[in-house]
Amino acid sequence: MPIYQYSAMDSSGKEKRGTHEAANEAELTAILKDQGMFPTSIKLARSVKLAKKAAPAGGDAKKKTEKKDSKMNINIQLGPLRIKPKQLTVITRQLAILLNAGLPLIRALRTLERQSADPAIKKILGEVATAVEGGATFSEALSQHPNSFDKLFLNMVRAGEASGKLELILDRLAMFMEKAARIAGKVKSAMVYPIVVLSIAGLIGAGLMIFIVPKFEKIFAELLNGKPLPEITQAVLAVSKFMQNHIFIMIGGIVAIVIGFKLAVKTKHGKYAWNYFCYHVPLFGPIVSRSAISRFSRTLGTLMGSGVPVLQSLNIVKETSGNQLVADAIQVVHDAVKEGEPMAPPLDSTKVFPAMVISMIEVGEETGRLPEMLETVADTYDEEVDNAVGALTSMIEPLMIVGLAVIVGGIVIALFAPLISIIENLGG
């Protein structure tokens with residue numbers, strides 16, 4: 001029988017950790033509940049130490065073989081096959097339809113495996129089906145592929161197995177993934193458009209300053225006979241010379257800034273600072289904040305509506321939020337709920353979520369319909385994200401046109417201002 005490591009809450013709210021033998025996670029969950037404990041985390045215990053103790057002493061050749069095997073395993077784990085999110089959404093929807101039609105789980109998995117033309121999907125589904133045929137639960141088989149199935153997916157499948165409504169949970173999960181992908185796509189499109197336009201404008205501006213402006217400088221030197229240039233022209237020529245003489249330093253500086261930014265964002269404080277900036281920056285801030293609230297509400301509502309315990313749901317939402325600002329707020333709520341408090345007051349104290357969301361959650365807790373309220377909040381904020389993206393698109397186009405006109409117009413004026421003086425001299 002496999003050994004599992006678990007974390008659970010007792011009736012007094014204290015966390016307990018330990019190990020226990022069980023046929024599967026569902027059986028261990030039932031055992032812990034019978035003991036008056038509420039499981040928050042269950043995972044297979046590592047068997048490395050046990051394997052080392054049980055292995056007989058061998059010679060150098062055996063040790064080398066073990067080292068080679070471990071290296072092979074490491075190499076396999078470094079480059080695992082992966083199902084992409086869009087593909088996973090389709091597979092989840094298809095699997096829910098097959099199960100709802102009455103097909104057994106193994107047959108449904110084998111059907112999807114045969115139909116798939118993608119080698120990665122075919123191999124992963126085949127391994128999952130083989131593991132289920134060998135006696136593992138569906139969630140245990142999926143947990144062997146963490147790069148394809150995240151904690152949200154696994155916990156919802158576990159909830160479906162425990163409740164006996166796996167096809168309903170998979171249908172709800174597919175719907176969640178479709179809505180989340182749609183909102184993420186809208187946010188990305190809103191962010192990518194101005195970045196692409198500004199990047200192209202920057203390249204064009206750099207080309208003008210490096211290749212075109214120097215030619216005008218020679219013309220001015222020949223025709224003005226030492227007369228001083230207008231200040232705006234002198235400024236443009238100075239920038240042009242700097243870009244010509246220090247082009248590699250500028251490129252190196254840009255690369256260093258990009259690398260430094262990526263490294264800084266990977267740290268907790270750097271990620272928090274960047275998320276805080278994105279959350280409050282004009283124009284883009286409303287889209288980021290509303291999409292984060294929508295993701296939080298829909299994820300938590302989907303998990304709780306599927307039967308996942310509230311503390312475990314909060315942990316999953318925190319890990320999958322993708323926003324350090326929201327994750328810290330959820331941690332505050334988790335700690336308060338762990339002590340027996342309701343969710344709304346600590347959520348209000350974080351000042352991350354608006355009053356409407358707090359009041360909806362409070363009503364949901366009072367009426368016992370929190371998952372439905374969270375779904376309503378998510379739908380509301382999905383619409384607000386759509387409206388914010390439309391407003392940003394209609395606002396940012398004229399702003400970029402005006403900004404580019406000012407930059408290009410400034411360069412043109414700087415170059416043609418001396419020509420007026422040259423024409424006047426020629427006329428005189």
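Q: A salt bridge is a side-chain nitrogen of Lys or Arg within 4 Å of a carboxyl oxygen of Asp or Glu. In this predicted model, what is the N to O distance between Arg110 and Glu113?

A: Side chains of opposite charge can pair when their charged atoms come close. Arg110 and Glu113 sit 3 residues apart in helix H5, so about one helical turn separates them. They form a salt bridge, and their closest N and O atoms lie at a distance of 2.9 Å.

Q: Is Glu113 buried or exposed?

A: Let's use the cut-off: a residue is buried when its relative accessible area is under 20%. Glu113 has 18%. That value is under the cut-off, so Glu113 is buried.

Q: Lys123 and Glu127 also form a salt bridge; in which helix do they lie?

A: The side chains of Lys123 and Glu127 meet with 3.1 Å from N to O. Lys123 is partly exposed at 44% relative accessible area, and Glu127 is partly exposed at 34%. The two residues are 4 apart, about one helical turn, in helix H6.

Q: How many residues apart in sequence are the parts tied together by Arg298 and Asp379?

A: The side chains of Arg298 and Asp379 meet in a salt bridge of 2.7 Å, N to O. Because Arg298 lies in helix H13 and Asp379 in helix H18, the pair ties together parts of the chain whose separation in sequence is 81 residues.

Q: Which residues are linked with Arg298 and Asp379 in a network of salt bridges?

A: Arg298 is buried at 3% relative accessibility, whereas Asp379 is partly exposed at 34%. Both belong to a network of salt bridges, and the other members are Lys179, Glu375 and Asp382.

Q: Now for a pocket: which helix gives the most residues to the lining of the second largest pocket?

A: This pocket holds about 1500 Å³ of space. Of the 45 residues that line it, the closest to its centre are Ala180, Ala184, Lys188, Arg295 and Ser321. Helices that give two or more residues to the lining include H4, H8 and H13. The most, 14 residues, come from H9.

Q: How many nonpolar residues are in that lining?

A: Sorting the lining of the second largest pocket by class gives 11 polar and 11 charged residues. The number of nonpolar residues is 23.

Q: Leaving aside neighbours within four places in sequence, which residues does Ser321 contact?

A: Ser321 sits in the loop between H14 and helix H15. With 15% relative accessibility, Ser321 counts as buried. Beyond those sequence neighbours, the residues in contact with Ser321 are Arg295, Val326 and Ala327.

Conventions: Residues are numbered from 1 along each chain as its sequence is written. This is a predicted model: local features need pLDDT of at least 70, side-chain atom pairs count only at pLDDT 80 or more; totals for chains, interfaces and linings use all residues. Side-chain values use heavy atoms; hydrogens and water are left out. On a 1 Å grid over the protein atoms alone, a cavity is a set of points where a 1.4 Å probe fits but cannot get out, and a pocket is an open set with protein on both sides within 12 Å along at least five of seven lines; lining residues have an atom within 4 Å of a point. Grid points are joined across faces, edges and corners, and a volume is the space filled by probe spheres set on the points. Ala, Val, Leu, Ile, Met, Phe, Trp, Tyr, Cys and Pro count as nonpolar, Asp, Glu, Lys and Arg as charged, and the others, Gly among them, as polar. Buried means under 20% relative accessible area, exposed over 50%, partly exposed in between (1.4 Å probe, protein chains only). Contact means heavy atoms within 4.5 Å.
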